[in-house]
Protein chains: 4
Amino acid sequence: MPTTSRSARYDDRVIAAARAVFTEQGFAAPMAEVAKRAGVGVASVYRRYPSKHELVEHVRIAAFRLILEEAEAARAEEPDPWQALARFMRRCLREGAGIGTVLPPMDQQHTYSEEFRDLRLRVAKAIEELVEAAKHAGELRADVDWTDILLLFKHLNPALPTNESRRAELRARYLGLVLEGLRAGGSRLPGPAPDRDEWQALCDNFATS
Amino acid sequence: MPTTSRSARYDDRVIAAARAVFTEQGFAAPMAEVAKRAGVGVASVYRRYPSKHELVEHVRIAAFRLILEEAEAARAEEPDPWQALARFMRRCLREGAGIGTVLPPMDQQHTYSEEFRDLRLRVAKAIEELVEAAKHAGELRADVDWTDILLLFKHLNPALPTNESRRAELRARYLGLVLEGLRAGGSRLPGPAPDRDEWQALCDNFATS
Amino acid sequence: MPTTSRSARYDDRVIAAARAVFTEQGFAAPMAEVAKRAGVGVASVYRRYPSKHELVEHVRIAAFRLILEEAEAARAEEPDPWQALARFMRRCLREGAGIGTVLPPMDQQHTYSEEFRDLRLRVAKAIEELVEAAKHAGELRADVDWTDILLLFKHLNPALPTNESRRAELRARYLGLVLEGLRAGGSRLPGPAPDRDEWQALCDNFATS
Amino acid sequence: MPTTSRSARYDDRVIAAARAVFTEQGFAAPMAEVAKRAGVGVASVYRRYPSKHELVEHVRIAAFRLILEEAEAARAEEPDPWQALARFMRRCLREGAGIGTVLPPMDQQHTYSEEFRDLRLRVAKAIEELVEAAKHAGELRADVDWTDILLLFKHLNPALPTNESRRAELRARYLGLVLEGLRAGGSRLPGPAPDRDEWQALCDNFATS
DNA sequence: GATGAATGAGTCTTCATTCAT
DNA sequence: AATGAATGAAGACTCATTCAT
C-alpha cells in the first residue's frame, strides 16, 4: 500500500497554496502570502523551493502532470476520438486543473529543469495523439493543429476577478463555444498554428490556476 | 473645431507607452520604464496622472473609447447584423486594440472615475445593440448574451510570450473558432452568462494590450 | 578654478561613510547604516552604487588612489630614497589612509572593474619604484620585495576595537618596529615574498579604514 | 588521571571546525556550515554551545589556552630570555595557533565567562614574565611593553585570501621583520603602548585562525 | 512646465535558534 | 543523546512617489 509520505503531503500543501495565491494575485504575490496560506513559515517554503522561480516551476510541473494524466485517461477510457478530446479539454479546464497564468517579467535567461523539459515532451506527445486521432476520424477540423490546444487552454483561462468556482463555470461555458468551432468544418482559420518553438515558449509560462 | 493640442498628443504618447510596457512586462513594470518609453521624465507622467492607479485607469479608458468607436462604426457601416458583430470583434482584437490585461492586486477599495463609469455604460449599450440585432436576425445563437462578448475579448487576449504582431495573428486565429461557435445553433452552452455586476467587475480590470 | 561638483562631494560623503562604517563594523554592516552615516536614504546609495559589492569596490578604489598619490608625492618631494619609502608608509597608515579591511566571503566569481585594475597596475609600479630606489641606495634590506609593502599595510592595520585616532597611533607605533626591521641587514627573512598573483589577489580585498 | 573522554574529543572537533570555518569565511559564516564541517547536526552544536556567541568565545578560549601553554613551555625550556620570547611568538603564529580574527559587530553588551576572564589573567601574567625577562637581559628594547605582544599577534595575522599554509609562511616572514625591530635599540617608538584596559578589550575580540 | 535625484515602504532571501522525533 | 525541519527577525535591493532646480 503506497504511503503518501508526510513530506509529500507537505509539498502538495505548498504547491496548492502557491497555485491559489498566484491565481488570485498574480506572480507578484509575496512569498509570505504563499507561506501563510500553506500554514507554514516562509523559510519552510524556501527550504523546499530555494527561490520563487523554482516554486513557480514546480507549480507548472504540477499542472503538466495533471494534463498528462488526463490525456492518457481520455485515450484509455473514451473509445470515440472526438469524445476523448472533448473530455480531455473539459477536465483540464475544470476546477483544480485550470491552466494558464503567466510569469510576469518572463525572466529571459532562466533554464528549465530536466524534469520540466521531460514532462513537456510527454505532454506534447499525448496531446498530439489525441488530436491526430480526432482528425483521422474526421471529427476535428483539419486546419487545427495539436499545438493549438494548449494555447486554447491559456485563452480559456484568464484571470477573472471572481471566485474559482465561477471561473470554472465560465471556462466551461466558453469551452463550449470553442468545441463547436473545433468541430465544424466551417471557413478556414486565419494564421498558421503555433510551431514547436512557439509551443515550447508557451509551456515555459504555464501554470495551473 | 477641436485642435489636437500639444498636450493631447503628449498624453497619447504616455498612454501608448504605458499600454506597451504593461503588455510586455505586466502591471508590475516600473513607472520609470513607462516614462522612458514615452521619452519623458517620471515627474512628467506624474503631473498628468497623479498615481500609477490613475495611469492604469486611463489606459483602460483608452481601450473603452476604442471599443465604443468600433461598435458604433460597425453598426453604422455594416448593414448585416452578423457581419457587424464579427467585424466589431475582429477589429477590437486587431493590433493596438487587443484587450484584456489584468491588474495584479485588484486593489479592492479603489473607486472609479466618472469618466470611466460613463464610458462603461455607453460600451454596454453599444455592445448590447450589436448582439441583440444579430440574435434578432437569427444569426447569433440565442444562449449567448451581450455580457459574454467582453469576456470573450479577455479570453482571446492572453499575455503570450511573443511579439505583438504574432499575438494579433493568434487572436485572429482563435477568434475564428469562436465565431464559428457563436454562429452555430449547436448544443446548449453550459452555465449562465455573466450578469451586469460580473460584467462591471470585469471592466474594472480591463486594459488594451 | 576647478569646481568640486555637488555630486562629486556627495559621492565623497557616501564613500567616507562606507569606509567608516565598514571599518568599525566589518563588511557585514547594513547598507542602511552606511546611508544613515552619510545622511541620505538607502536608495540614494543604491542609485550611485548599484550593489554593496560595487560600493566596496569604490571604497577600495579610493584607498588605491590615495596610495598612488602618496607614492608619487614621496618620490617627488623626498630626495633620500629611504626617507621617501618611510614617509610613504607613514602617510598611508596615518588617519584616513589606513588600509586593509577584508571582504568577508571573498565572493569568488566577482570581476573587477577596468578602473580598479588599471589603478592596481599603477600602484604596483609606483611602489616598485620606491622600493627599488631604497634597495639601490643600500638602505633597505635586500630580501624584501615591493610586493611585501602592501601586505605590511594590511598587517599593520587590523580592525582593533578602539576609536580611529587611537588606531592610527597604534599603526604608527608598530610601523616603527617594522621600519627598524626593514632597514637592518639582520638575519635572512623566512619564506618567499608574495609573487604578482598573490599580490593581485590581495588587492582584490583591500580597503581604506 | 584525565581520560580524553568521548565528549571532549567531540568538543575539539566542533571547535576545530568553527576555527576553520570562521577563518575562511569570517564570523558571518552560518552555524550550519560549522556543523557540517564538524560532521554533526546543527542541534548538536547548540547543545554544547547554546549560542553562536558562546561558540566564538570557546574558540577564543582555545586560542588562549594555546598561548598559555606556549608561554609556559618557552619559559621552562628556553634558558635564554630572548630566545624564549622569540620562540613563543614563532610558535603562536605557526599553523594552528595563528591568532587574531575579530568579531564583526563587537556586540557591546556581552559579558564574558569566568573561565575566559581567568584565562585572560593568566595569559597576561605569562606574557609579562617573558617580556620582563627579555628586557632585564637587555635583549628587548625598553620602550616595548608586554601589552604590545598580543597586538602584534593580531597585526601579524590578517585574513589573507590564501590557503592556511601560505598564510603561516607569511606570518613567519613578517614576524622576522618585527623581531629585528623588537631587538634593536633603534629610535624610540611613537605612541604609548596599550594600557591594561585596551589590552582586555582586544582580548575580547581574539580568536585563533 | 519639465526634469531627475532622493526617500521610505515593501519584497525576496538568509540565518540563528528551537523543537518534535 | 542526536538529528534535521520549522520559524521569525533582519538585510539587500526595488519602486511608487515627492521635491528642488
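**Figure 1. Polar contacts to the phosphates of DNA strand E.** In this predicted model, a polar backbone atom of Gly41(C) lies 2.5 Å from a phosphate oxygen of DNA strand E. A polar contact here is a pair of N or O atoms within 3.5 Å; within protein, one must be able to donate a hydrogen and the other to accept it, and residues adjacent in sequence count only if both atoms are side-chain atoms. In the side chain of Lys52(D), an N or O atom is 2.7 Å from a phosphate oxygen of DNA strand E. Tyr46(A) places a polar side-chain atom 2.8 Å from a phosphate oxygen of this strand. Local features need pLDDT of at least 70, side-chain atom pairs count only at pLDDT 80 or more, and totals for chains, interfaces and linings use all residues. Residues are numbered from 1 along each chain as its sequence is written, chains are lettered from A and ligands numbered from 1 in the order in which they are written, and side-chain values use heavy atoms, with hydrogens and water left out.

**Figure 2. The protein surface near DNA strand E.** DNA strand E is surrounded by 28 residues (near: a heavy atom of the residue within 4 Å of the strand). The closest are Lys52(A), Ala43(B), Ser44(B), Gly41(C) and Ser44(C). Sugar or phosphate supplies 57% of the strand E atoms within 4 Å of the protein; bases supply the rest. H3(B) gives the largest share of this surface, four residues. Helices (H or I, at least four residues) and strands (E, at least two) are DSSP runs, numbered from the N terminus. By class, the surface near DNA strand E holds 18 nonpolar, six polar and four charged residues. Ala, Val, Leu, Ile, Met, Phe, Trp, Tyr, Cys and Pro count as nonpolar, Asp, Glu, Lys and Arg as charged, and the others, Gly among them, as polar.

**Figure 3. The protein surface near DNA strand F.** DNA strand F has 27 residues around it. Gly41(A), Ser44(A), Arg47(A), Ala43(D) and Ser44(D) are the closest. Of the strand F atoms that come within 4 Å of the protein, 54% belong to sugar and phosphate. The largest share of the surface, four residues, is from H3(D). The residues divide into 17 nonpolar, six polar and four charged.

**Figure 4. Polar contacts to the phosphates of DNA strand F.** A polar side-chain atom of Ser44(A) sits 2.4 Å from a phosphate oxygen of DNA strand F. Chain B contributes backbone atoms. A polar backbone atom of Met31(B) is 2.7 Å from a phosphate oxygen of the strand. For Ala29(B), the distance from a polar backbone atom to a phosphate oxygen of DNA strand F is 3.4 Å. Two or more residues of the surface near DNA strand F come from each of H3 of chain A, H3 of chain B, H3 of chain C and H3 of chain D.

**Figure 5. Packing of H5(C) and H8(C).** Helix H5 (residues 81–93) and helix H8 (residues 164–183) of chain C cross at roughly 155°, and their axes come within 10 Å. Axes are lines fitted to C-alpha atoms, for helices over the stretch in contact, and angles run from 0 to 180 degrees between N-to-C directions. H5(C) and H8(C) are therefore roughly antiparallel (under 35 degrees counts as roughly parallel, over 145 as roughly antiparallel, 65 to 115 as roughly perpendicular and the rest as oblique). Trp82(C), Ala86(C), Met89(C), Arg90(C) and Leu93(C) of H5(C) meet Arg171(C), Leu175(C), Leu179(C), Leu182(C) and Arg183(C) of H8(C) (contact: heavy atoms within 4.5 Å). This contact of H5(C) with H8(C) has seven nonpolar, no polar and three charged residues.

**Figure 6. Packing of H6(A) and H7(A).** Helix H6 (residues 114–136) and helix H7 (residues 146–155) of chain A pack at about 110°, with axes 8 Å apart. H6(A) and H7(A) are therefore roughly perpendicular. H6(A) makes the contact through Ala124(A), Ile127(A), Glu128(A) and Val131(A), and H7(A) through Trp146(A), Ile149(A) and Leu150(A). The contact of H6(A) with H7(A) counts six nonpolar, no polar and one charged residues.
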